[in-house]
Amino acid sequence: MALNSTGINFTLCMSEDEEPHHEAHQEFYEVSRMITGLILYPCICFPGLLGNILTIIVLSQTNMRTSTNAFLSALAVADGIKLINDILYFLVIVFYKTDTTIGNRAYGYLYPYAHFIFNMSVCVSSWLTVSVAVERYILVCHPTRARNVCSRKRAVYTCIAVYVVMTALALPSALRYRTIWCLDPETNVSMIHVMLTDMWKNQTFVITYTWAQNLIRSIIPLIVLVALNMCIIGALRKTRANKRNNSRHRVTVMMIMVIVVFMVCITPDAIMSTVFGFGYHEAGNLVKGVREFTDTLLALNAASNFVIYCLFNKVFKNSFTNLCCQVKSPNKFQTEMDESQYRRLSEAKSALTSAEPKTTVIKTVN
């Protein structure tokens, strides 16, 4: 089209990246977007973001600084980033409903970056969940190694490594889309159109990267988590009668619930992305409508951990209550022991137990 006064070349808005018959299932997609974007997202994301902020505050307290809580703090940051991204999507839908032009601008400018943030945050959450599951497996199934392997310092380094590696893995997602100015042939109004970049039109690259990302983001974590959960649950059943381990077991049960919720929420997304190979913006309306709900499940996963911590972790709940109510009584102050402390106490108790017979023999001789 003609060059306008601002120096921007306008072309007709052609959906060359989208599937044919793009008007099919249009109503289903619009209804799905309204239900998820305008109803479910605000109900999930705003309380979930607040919960993740409170989680970070509670776990940063001196009495909560353990190796497990280092993973949970990093997980809360990743989940918070995911929920902020979803809140921006909610605002875009609101703009679409109130002013189509503003909605189109917001979507066009935000979506290419939001797609990268989505992939990065989900990848980080997946592998932080795997990391904490591995730690729980070592603590429950190989307790003699826990003292040397499970430390807060090592947990922090692991979290940093997960963030760096997963962000690097998601970088090609930031280059997936580009925006162009075009002219809507129906309304004769200039709009922003989101299109695939040339790199993402290379089918060899797309197939290779998509499979690699889906394997690392969901398939491998799911397989690892299922295997570790089975081992942890089996070990817990064997030691269920041991009351000395009740405190550790409550934390382990809490982590099992976190892992189960994660697996339930990420499985539909894994099926959509890997088994069927469905895309995002460039997909048809039916696929995009279904993906609205699978993405909502991922938002639910990011928002649910605070509730799980309060239900299954007594020390977390009490620390949160004391923080909110400003309780300063030392009798109500609880400390969540790190696993190295559990191990030292266990060894000390074993040493005392083994020393008792010797003391008895000495007294008898005297």
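K82 is buried, at 3% relative accessible area, where buried denotes under 20% relative accessible area, exposed over 50% and partly exposed the range in between, computed with a 1.4 Å probe on protein chains only. This is a predicted model, in which local features need pLDDT of at least 70 and side-chain atom pairs count only at pLDDT 80 or more, while totals for chains, interfaces and linings use all residues. Residues are numbered from 1 along each chain as its sequence is written, and side-chain values use heavy atoms, with hydrogens and water left out.

**Salt bridges**

The partner of K82 is D86, and their side chains meet in a salt bridge with an N to O distance of 2.5 Å. The term salt bridge requires a side-chain nitrogen of Lys or Arg within 4 Å of a carboxyl oxygen of Asp or Glu. D86 is likewise buried, with a relative accessible area of 6%. The two residues are about one helical turn from each other because they stand four residues apart in helix α2 (residues 67-98). Helices are DSSP runs of H or I with at least four residues, numbered from the N terminus.

The structure holds five salt bridges, and three of them are listed here with their N and O separations.

| Acidic residue | Basic residue | Closest N and O atoms |
|---|---|---|
| D86 | K82 | 2.5 Å |
| D269 | R217 | 2.7 Å |
| E30 | R33 | 3.1 Å |

D269 forms its salt bridge with R217 at 2.7 Å. D269 belongs to helix α7 and R217 to helix α6 (residues 203-238), so the pair ties together parts that lie 52 residues apart in sequence. D269 is buried at 0% relative accessibility, and R217 is buried with a relative accessible area of 0%. A network of salt bridges links R217, D269, R291 and D295.

Helix α7 (residues 246-275) also contains S273, which is buried with a relative accessible area of 6%. The C-alpha atoms of S273 and S218 are separated by 9.3 Å, although these residues are 55 apart along the chain.

E30 and R33 are both found in helix α1, three residues apart, which is about one turn of the helix. Which of the burial classes applies to E30? At 25% relative accessibility, E30 is partly exposed, whereas R33 is buried at 13%.

**Nonpolar surface patch**

F28, V31, M34, I35, I39, L286, V290 and F293 form a nonpolar patch on the surface, with about 590 Å² of accessible area together. Patch members have over 30% relative accessible area and no salt bridge; like charges are joined within 9 Å, and nonpolar side chains (Val, Leu, Ile, Met, Phe, Trp, Tyr) within 5 Å. Helices α1 (26-59) and α8 (285-312) each supply at least two residues of the patch, and α1 gives the largest share, with five. L286, in helix α8, is partly exposed at 41% relative accessibility.

**Helix α9**

Helix α9 (residues 314-325) comprises twelve residues and reaches 16 Å from its first C-alpha to its last, close to the 16 Å expected at 1.5 Å a residue. The expected span is 1.5 Å times one less than the number of residues. Its buried residues are V315, F316, S319, F320 and N322. These residues lie on the same side of α9 because they cover an arc of only 165° around the axis, the arc being that of the directions from the helix axis to the C-beta atoms.

**Cysteines**

The count of disulfides is zero, a disulfide being a pair of cysteine sulfur atoms within 2.5 Å. The sulfur of C310 has its closest cysteine sulfur in C324, 9.0 Å away, which is too far for a bond. C123 is buried, at 0% relative accessibility.

Definitions and conventions
Areas by Shrake-Rupley, 256 points an atom, 1.4 Å probe, with all protein chains shown as cover.
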